[in-house]
Amino acid sequence: MKENMLAMNKKNFLGTVCAALAFAAVASACGDGTTRSTGWEFSRNMYDPIGYNPDQPNENFKNKQTAQTPPAHTNPVGFVRFEYANTLEDYERAGREVTNPLAVTKANLADGQALFNTYCAVCHGPEGKGDGSITKDREITDSRGTRKLENFPNPPSYHKTDAASSSRGGLMSDLTDGKIYHTIYYGHNSMGSHASQLSPDERWKVVMYVHELQKK
């Protein structure tokens, strides 16, 4: 009888301890209502980042900065350096020295056409005649009423039959790989640089498609 009573007391004690621990865990997880604390957290290392943020101090480097200047003469992954300056002289030099490394295939031409229509046709027009949508009369209607939008100047046509001249000399239909690529990379006149919008391969596909437009 005495042994049964001791066993029951042990069970009651253990049950009470377990209930108290469970209550404490629930209460601590709920917070105190005055802070945004979630109480006890399980496995913080599962969701706290181990890596440093770029703007965090970092004792691993002499200058105590996480973001470091890349070593000289190194390129980011996927970056292809274009060793020609934004000058007329290097534009002409690129025209003589630079050629398209991609093969002329149906797939590359289709990609070039899609990229041209996305990034270039708004000014140059879908057929490369220099009659893009922003060169035409347009208007917008909003809460302030209806008003006309600014027209951009028409770029010269690429077509051989139009015999349009480039502002840097020569016919648009005679532009070479290097000259077109240089213009895409740096921009010219009203056209801004597209180096950030198009990867090197994408630029070359656009160059390839422009040559198709020059044949018209």
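# Exercises on helix α5 and its surroundings

His182 sits in helix α5. The model used throughout is a predicted one.

**Exercise 1. Decide whether His182 is buried or exposed, and find which residues it touches.**

Solution.
Step 1. Take the relative accessibility of His182, which is 1%. The cut-off for a buried residue is under 20%, so His182 counts as buried.
Step 2. List the contacts of His182, leaving out residues up to four places away in sequence. They are Phe82, Tyr84, Ala85, Asn86, Thr87, Asp90, Tyr91, Ala94, Arg168 and Gly187.
Step 3. Take one of these, Asn86, and compare sequence with space. His182 and Asn86 are 96 residues apart in sequence, yet their C-alpha atoms are 8.0 Å apart.
Step 4. Look at two other contacts of His182, Tyr91 and Arg168. The charged end of Arg168 sits over the ring of Tyr91, at 3.6 Å from the ring centre.

**Exercise 2. Place α5 in the protein and state how many of its residues are buried.**

Solution.
Step 1. Start with the elements. The protein has six helices and two strands, and from the N terminus they run α-α-α-α-β-β-α-α.
Step 2. Note the background figure: of the 216 residues in the protein, 27% are buried.
Step 3. Turn to α5. Nine of its ten residues are buried, and the helix is mostly covered. The buried ones are Asp177, Gly178, Lys179, Ile180, Tyr181, His182, Thr183, Ile184 and Tyr185.
Step 4. Ask what does the covering. The cover over these residues includes α2 and α6.
Step 5. Check what comes after the helix. Gly187 follows α5 and has a positive phi, near 85°.

**Exercise 3. Describe how α5 packs against α2 and against α6.**

Solution.
Step 1. For α2 and α5, the angle is about 135° and the axes are 6 Å apart. Angles from 115 to 145 degrees fall outside the parallel, antiparallel and perpendicular ranges, and α2 and α5 are therefore oblique to each other.
Step 2. Give the hand: α2 crosses α5 in a right-handed sense.
Step 3. Name the residues that meet. From α2 they are Asp90, Tyr91, Glu92, Ala94 and Gly95, and from α5 they are Gly178, Lys179, His182 and Thr183.
Step 4. For α5 and α6, the angle is about 125° and the axes are 10 Å apart. That makes this pair oblique as well.
Step 5. The crossing of α5 and α6 is right-handed. On the α5 side the contact uses Asp177, Ile180, Tyr181, Ile184 and Tyr185; on the α6 side it uses Pro200, Arg203, Trp204, Val206, Val207, Val210, His211 and Gln214.

**Exercise 4. Follow Gln214 and determine whether it is buried or exposed.**

Solution.
Step 1. Locate the residue: Gln214 belongs to helix α6, which covers residues 200–214.
Step 2. Its relative accessible area is 5%, so Gln214 is buried.
Step 3. Beyond neighbours within four places in sequence, Gln214 is in contact with Tyr158, His159, Lys160, Met172, Ser173, Asp174, Leu175 and Ile180. Ile180 is one of the buried residues of α5.

**Exercise 5. Classify the ring pairs made by Phe82, and explain why the pair with Tyr181 ties together separate parts of the chain.**

Solution.
Step 1. Count the pairs. There are seven aromatic pairs with ring centres within 6.5 Å.
Step 2. Take Phe82 and Tyr84. Their rings are 5.1 Å apart, centre to centre, with 40° between the planes, and the pair is tilted.
Step 3. Take Phe82 and Tyr181. The ring centres are 5.1 Å apart and the planes stand at 55°, so this pair is tilted.
Step 4. Locate the two partners. Phe82 lies in the loop between α1 (2–30) and α2 (88–97), while Tyr181 lies in α5 (residues 177–186), so the pair ties together parts that are 99 residues apart in sequence.
Step 5. Check burial. Phe82 counts as buried at 11% relative accessibility, Tyr84 at 12% and Tyr181 at 3%.
Step 6. Widen the view to the group. One aromatic cluster is formed by Phe82, Tyr84, Tyr181, Tyr185, Tyr186 and Trp204.
Step 7. Set this beside the contacts of the whole protein. Among contacts between residues at least 6 apart in sequence, 48% join residues at least 24 apart.

Methods
Residues are numbered from 1 along each chain as its sequence is written. This is a predicted model: local features need pLDDT of at least 70, side-chain atom pairs count only at pLDDT 80 or more; totals for chains, interfaces and linings use all residues. Side-chain values use heavy atoms; hydrogens and water are left out. Rings of Phe, Tyr and Trp (its six-membered ring) pair if their centres lie within 6.5 Å; planes under 30 degrees apart count as stacked, over 60 as edge-to-face and the rest as tilted. Buried means under 20% relative accessible area, exposed over 50%, partly exposed in between (1.4 Å probe, protein chains only). Helices (H or I, at least four residues) and strands (E, at least two) are DSSP runs, numbered from the N terminus. A charge sits over a ring if NZ of Lys or CZ of Arg is within 6 Å of the ring centre and within 35 degrees of the ring normal. Contact means heavy atoms within 4.5 Å. Axes are lines fitted to C-alpha atoms, for helices over the stretch in contact, and angles run from 0 to 180 degrees between N-to-C directions. Angles under 35 degrees count as roughly parallel, over 145 as roughly antiparallel, 65 to 115 as roughly perpendicular and the rest as oblique. A crossing is left-handed if the near helix is turned anticlockwise from the far one by less than a right angle, and right-handed if clockwise.
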